[in-house]
Amino acid sequence: MTGSGWLQILLFLACVLAITKPLGLYMARFFEHERTFFDPVARPVERLVYRLCCVDEKHEMRWTEYGAAMLLFSLVSMLLLYLLQRIQQFLPLNPQHLAAVGQELAFNTAASFTTNTNWQAYTPETTMSYLTQMVGLAYHNFASAAVGVSLAIAFIRGIARRQCKTLGNFWVDMTRVTLWLLLPVSFVFALVLVSQGVVQNLRPYDTARIVEPQKAADGTAITTQIIAQGPVASQEAIKMFGTNGGGFFNANSAHPFENPTPLSNFLQMLSIFAISAGLTYTLGRITHSQRHGWAVWAAMAALFVVGVTTAYWAESRGNPLLHGVAQTASAQQNGGNMEGKEVRFGISGSALFATVTTDASCGAVNGMHDSFTPLGGMVTLVNIMLGEIVFGGVGSGLYGALIFVVLSVFIAGLMVGRTPEYLGKKIEAFDVKMAMLAILILPLAILTFTAISLVNPSFGTSAISNPGPHGLTQVLYAYTSAAGNNGSAFAGLGANTVWYNLTLGVTMLIGRFFIIVPMLALAGNLASKKYVPPSLGTFPVTTATFSMLLISVILIVGALTFFPALSLGPVLEHLQMQAGKVF
Amino acid sequence: LAWQTCSSCKVLPREKQKELFWGRWLEMRDLLMIAFAVLMFLLLFGYIRGCDRLR
């Protein structure tokens, strides 16, 4: 571990803190229809959209209508993406003449991008045409992010409103977050990325003559290299800002055309956390309890620090089984476990990126998680297993955290033997039932499909590239990533098979929508309750004690659920590595 | 390596692509995928109703 590495991590956290208030305030203002500096540009477009789509912006929706609109929107856009992939060879902007995407892969990808997962069981530059990337995938990057933020705002309204049956209008929320936030920020961010060297063109791929000719496995001489091109910067911006994570290239943010410099790396990480951190401030602002927003922020930041410290420590230590290799940091090299990492990012830039991308539901990678040390890799896995509530995905991070908040308040109430309250709302049986439904669906999907895959050599374990505990982790990571709508891959698992494409696709849909429905039900129920003024017995949700309780509940639920699976995977692999055993 | 071994990256002649597409389009597999997705969402609409009634 180096001083500059720690400095980068501290600077990152300071920047996250610095953008939380202005971004959160801005979101609160445009969602509450207050005046913002961007109104003169966005408002006319908004009116046009409503007129074209016959949306009554004054119409308020109950949670059931809000949820149904969201599901209908997601279904239609998922089917459109499926069809687009199946007919891409007849459509323009396909200079490489790429063929139609196979049915199961098209289903998997459609589910993946609709749910903000962006799991990619394919090599983008050799599978998806420019049109599919731009119209299909990039569109979903905006739409799925907008859905996430809209749902978080609906949840916040549920907490803030009193004796009210409605949560807002889904179409209005979607339109507002897209016009006021996602489009303008992505436009500016894409230009910044271009300035760093990210490509943006519609040219056919280049062919370059390589300096040192290579030989393929069959002995054929390789003298040229195809260099993929494309409209990368425009997709890269929303990929990070919308915590989507689906790369334009297979190597994702490790590719020099997607993430060329340490500065672009830093900005990409910052953009992953930006909206989610800002939403904690929005929570405080709309619920009129700014300190509660900061208490949630503090709990998230504490979990982030624990994760990044562990990952950085584990990766800096290197691999004890590599003998005769200098693994200490010096002026000439990064030191530590550099396998699968980019030299331009080093250990700290890679460990930080891996922690951030799995704390949020982003899934972009700038190094191969499969090549991390067992403990470093476990950090990424645990981050997703906890529900990606450490700032988390855009919107999904906040509503996931708020479900844990409800549970924490309930547990605190049980401790003192009185009906729990959350910001003036009594938490009753229905609320806890919905919170538990939302929390339990994640481990149910992950552990069931992982178990089925691991006992079936024909379609499950045959796709694993590493034997032993690392192989188990590969399968566990795939389903965890899918259920958590993260999308990062542990690599090494040949996931482009009928079994994995279908089950991972289903897992993504379960992990997204089967959490959203009870979450909306909870929000709708909270909105309908009357306000109860705080009394001496009320557990305050604005203090450090509350933040500690929230962290404890998140960790205990996560540990109780996933520890057996983790002990068979990364924990066992770590112990075996220390004992000198290789597989 | 991925470039050379990826199964979905074969560039077929346009006519062959067309033939493959139209021959396959109305096959059961495509309909199954679409029906499966619709079924999942119908289940979710039912889930909304179920949660609402639970209250």
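These legends walk through several close-up views of a predicted two-chain model.

**Before you zoom in.** This is a predicted model in which local features need pLDDT of at least 70 and side-chain atom pairs count only at pLDDT 80 or more, while totals for chains, interfaces and linings use all residues. Residues are numbered from 1 along each chain as its sequence is written, chains are lettered from A and ligands numbered from 1 in the order in which they are written, and side-chain values use heavy atoms, with hydrogens and water left out.

**View 1. A salt-bridge network around A:Glu46.** Start with the pair A:Arg43 and A:Glu46, a salt bridge whose closest N and O atoms are 2.4 Å apart. The term stands for a side-chain nitrogen of Lys or Arg within 4 Å of a carboxyl oxygen of Asp or Glu. Both residues sit in helix α2 (residues 39-53) of chain A, three residues apart, or about one turn of the helix. Helices here are DSSP runs of H or I with at least four residues, strands are runs of E with at least two, and both are numbered from the N terminus. A:Glu46 has a second partner in A:Arg176, with the closest N and O atoms 2.9 Å apart. Because A:Arg176 belongs to helix α7 (residues 170-196) of chain A and A:Glu46 to helix α2, this pair ties together parts that are 130 residues apart in sequence. A:Glu46 counts as buried because its relative accessibility is 0%, and A:Arg176 counts as buried at 5%. Buried means under 20% relative accessible area, exposed means over 50%, and partly exposed lies in between (1.4 Å probe, protein chains only).

**View 2. The salt bridge of A:Lys239 and A:Glu258.** These two side chains meet with N and O at 2.7 Å. The pair links distant parts of the chain, with A:Lys239 in helix α8 (residues 232-241) of chain A and A:Glu258 in the loop between α8 and α9 (262-286), 19 residues apart. Both A:Lys239 and A:Glu258 are buried. Returning to View 1 for a moment, salt bridges with shared partners join A:Arg43, A:Glu46, A:Glu57 and A:Arg176 into one network. If you would like the wider tally, a search of the whole structure finds 20 salt bridges over all chains.

**View 3. Where chain A meets chain B.** Here 50 residues of chain A are in contact (heavy atoms within 4.5 Å) with 34 residues of chain B. The area buried between the two chains is about 3900 Å², and carbon and sulfur atoms give 72% of that area. Buried area is the accessible area (1.4 Å probe) that two parts lose on being put together, summed over both. Three salt bridges are counted between chain A and chain B; one pair to look for is A:Arg86 with B:Asp30, at 3.0 Å from N to O. On the side of chain A that touches chain B, α3 (63-86), α4 (103-114), α5 (124-127), β4 (221-227), α14 (429-454) and α16 (498-528) each supply at least two residues. Chain B itself has three helices and zero strands, and buried residues make up 27% of its 55 residues.

**View 4. Helix α13 (residues 396-416) of chain A.** The end C-alpha atoms of this helix are 31 Å apart, which agrees with the 30 Å that its 21 residues should span at 1.5 Å a residue. The expected span is 1.5 Å times one less than the number of residues. Since 16 of the 21 residues of α13(A) are buried, the helix is largely enclosed by the rest of the structure. Just after α13(A), look for A:Gly417, which takes a positive phi of about 75 degrees.

**View 5. Surroundings of A:Leu442 and A:Ser481.** A:Leu442 is in helix α14 of chain A and counts as buried at 8% relative accessibility. Leaving aside neighbours within four places in sequence, A:Leu442 is in contact with residues including A:Ile384, A:Ala483 and A:Ile515. A:Ser481 lies in helix α15 (residues 468-483) of chain A and is buried, with a relative accessible area of 0%. A polar atom of the A:Ser481 side chain lies 2.8 Å from the backbone nitrogen of A:Gly487. Not counting residues up to four places away in sequence, A:Ser481 touches several residues, among them A:Thr117, A:Trp119 and A:Ile384.

Conventions. A polar contact is a pair of N or O atoms within 3.5 Å; within protein, one must be able to donate a hydrogen and the other to accept it, and residues adjacent in sequence count only if both atoms are side-chain atoms.
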